[in-house]
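Q: Hi! I'm new to this one and would love a friendly tour. Can we look at it together?

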Amino acid sequence: MKSKFAAFAMLFVAVFTLGSCLNSDDDFVYTDDSAITSFSVTTVKQYIHTLSSTGADSVYTSTTSLTGYRFSIDQNNNIIFNIDSLPYGVDATKILCSVSASNSGTVLIKSKTSDTLSYVSSTDSIDFSVPRQLQVVSNSGKALRKYTVTVNVHKEAADSFKWHEMAVSAALQNLSTVKTVAVSAADGTQRVMLFGSDGNHTYIYTYKDAEGWSVASTNLNHQLDANVCNSVVTKSDSVYISENGNILRSADGSQWESIANATPAVRLVAASPVRLYAYSADAQLLASADCGHTWAAATIDTDASFLPSGETTYTCTQLSTNADSYRVTLIGTRADGTMAVWGKIDEAAANSENQPWAYYEVSADNRHALPTLSGISVAAYDGRLFVLGTPDASSAAQLYASRDGGITWAADTLLGMPTDFNLSLQASPATAKTLTVDGKNFLWMVNATTGATWRGRINRLGWEKKQFNFE
């Protein structure tokens with residue numbers, strides 16, 4: 001009996017002793033690892049501008065959670081930052097954040113004005129209007145690591161747009177018809193050119209920020225015909241013109257290369273990276289798949305009488321679903337004075353079918369068709385088509401926008417017209433104005449009557465997008 005009790009007592013002591021060892025802090029492993037493993041902005045104050053019912057500008061404050069914004073941690077250089085900036089209006093001086101360190105290390109933040117350190121708390125706001133230093137102490141207390149944290153906040157509203165007036169050029173005031181185009185140089189710079197006719201000849205102008213518009217010095221040994229101004233398209237990184245069927249190409253507006261002579265393409269009307277499109281002398285729509293060397297009748301799905309025979313303008317956009325496919329839209333006035341919109345898909349992939357041009361018929365219930373305009377030019381911008389034109393002789397020039405590729409249209413409410421754009425324009429030819437977009441997402445608008453030029457861009461379309469991965 002005694003032996004059984006002794007055995008039981010020894011078992012109890014052993015279990016008790018083992019339990020005591022498991023609960024002892026003496027076996028906790030302290031490490032010298034010190035690293036911040038995650039950083040996020042949890043809550044911010046954001047000042048939002050809005051218009052009151054009377055149209056006055058007002059501001060209200062909103063408390064917003066921004067945990068979806070990812071912060072990158074560069075462990076090699078000890079820096080923390082966000083690639084996607086926080087929204088415009090965020091108060092960077094009052095930000096709540098969440099910080100985690102490896103092995104439950106202690107995270108401290110250094111004062112902006114001294115060496116004083118304080119604990120980082122998820123409930124106390126921090127001023128991140130300037131880069132701040134975080135310090136993480138290992139749980140052993142023997143290692144210290146310092147990080148620089150930069151919280152980027154947009155300094156401008158994403159969807160804000162404003163026209164900026166550029167240098168005025170008196171030389172443009174003699175032009176009755178103008179057309180602007182833009183191409184990208186090999187180094188990424190944008191070359192904006194203006195083709196202008198005074199009724200007798202077409203002149204070529206190039207734009208430089210420091211100088212404005214200046215006449216291009218060309219290698220041509222003659223003055224271009226007045227009609228060349230209405231026969232200008234861009235393909236890839238070059239401008240193409242047709243002068244009485246002679247096709248020329250240039251990348252800068254100065255040096256011109258003769259592509260083909262005496263072709264049936266007397267007027268270029270559209271282009272994509274795949275083909276050039278032109279009218280023949282008898283108003284037949286032609287296509288060239290070899291940059292203008294040879295031409296053939298283009299395929300269309302509707303009677304040719306619906307093609308625009310008066311003024312024309314076009315745009316070409318890459319499809320988001322296929323890098324080798326492009327949507328070409330041709331807009332102009334028909335013989336009866338009504339507007340016509342045509343479109344087609346050009347595909348560059350091998351074995352792709354050549355799709356026909358399709359006429360966008362205006363149905364009886366379409367109350368938002370493009371109104372009759374003169375002096376038209378079109379630009380594809382931010383997923384929409386914008387047409388600049390004049391409704392009638394007594395009206396000011398206006399912008400119209402389409403969200404569905406040219407089927408329905410409405411007066412523009414996003415961009416607006418530049419201040420004083422219509423100054424003196426009503427007393428001049430409707431064709432003395434033009435609109436285009438360059439590869440940097442700048443819209444350009446010119447009023448040749450006053451020689452004024454405006455440029456503008458939706459802010460977010462100019463934000464640089466970088467890709468970093470430190471994982």
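Q: Let's start with β18 and β19. In which sense do they pair, and over how many bridges?
A: β18 and β19 pair in the antiparallel sense, over 4 bridges. Keep in mind that this is a predicted model.

Q: What sits between β18 and β19?
A: The two strands form a hairpin with 5 residues between them. Gly253 in that turn has a positive phi of about 85°.

Q: Which residue of β19 does Arg249 stand opposite?
A: Arg249 stands opposite Glu257 in β19. On the β17 side, Tyr240 stands opposite Arg249 in β18.

Q: Oh, β17 is involved too? How many bridges join β17 to β18?
A: There are 5 bridges joining β17 (residues 238-243) to β18, and the two run antiparallel. They also form a hairpin, with 2 residues between them. In the turn, Asn244 has a positive phi of about 55°.

Q: And why is β18 described as largely enclosed?
A: Of the 5 residues of β18 (residues 246-250), 4 are buried, so the strand is largely enclosed by the rest of the structure.

Q: Switching topic: in the largest nonpolar core, which residues touch the most other members?
A: Leu285, Trp295 and Trp357 do, in a core of 28 residues.

Q: Which elements give two or more residues to this core?
A: They are β19 (256-260), β20 (267-271), β21 (276-279), β22 (285-288), β25 (325-333) and β26 (339-347). So β19, the hairpin partner of β18, turns up here as well.

Q: Nice. What is Trp357 in contact with?
A: Leaving aside neighbours within four places in sequence, the contacts of Trp357 include Ala270, Tyr277, Leu285, Ile300, Val328, Leu330 and Trp342. Polar or charged partners such as Thr299, Asp301 and Lys344 are also among them.

Q: Which residues does the second core include?
A: That separate core has 26 residues, including Phe71, Ile80, Val99 and Ala101.

Q: Now charges. How many salt bridges does a search of the whole structure find?
A: The search finds 9 salt bridges. One of them joins the side chains of Arg275 and Asp346 at 2.7 Å, N to O. Arg275 lies in the loop between β20 and β21 and Asp346 in strand β26, so the pair ties together parts that are 71 residues apart in sequence.

Q: Are Arg275 and Asp346 buried or exposed?
A: Both Arg275 and Asp346 are buried.

Q: What about Asp115 and Lys110?
A: Their side chains meet in a salt bridge too, at 3.6 Å, N to O. Asp115 counts as exposed at 65% relative accessibility, whereas Lys110 is partly exposed at 22%.

Q: Which residues are linked in a network of salt bridges?
A: Asp159, Asp382 and Arg460 are linked that way.

Q: Last stop: what is the order of the open sheet of 4 strands?
A: The order is β28-β29-β30-β31, with antiparallel pairing. β28 (374-381) and β31 (410-411) stand at the edges with a single partner strand each, so one side of each is left without a neighbour in the sheet.

Q: How many bridges join β30 to β31?
A: There are 2 bridges between β30 (residues 398-402) and β31. Ala401 stands opposite Ala410 in β31.

Terms used: Residues numbered from 1 in each chain as written. Predicted model: local features only at pLDDT ≥ 70, side-chain atom pairs only at ≥ 80, totals over all residues. Heavy atoms only, no water. Core = buried A, V, L, I, M, F, W, Y, C linked by side-chain atoms within 4.5 Å. Buried < 20%, exposed > 50% of the residue type's maximum accessible area, 1.4 Å probe, protein only. Contact = heavy atoms within 4.5 Å. Pairing = 2+ DSSP bridges. Salt bridge = Lys/Arg side-chain N within 4 Å of Asp/Glu carboxyl O.
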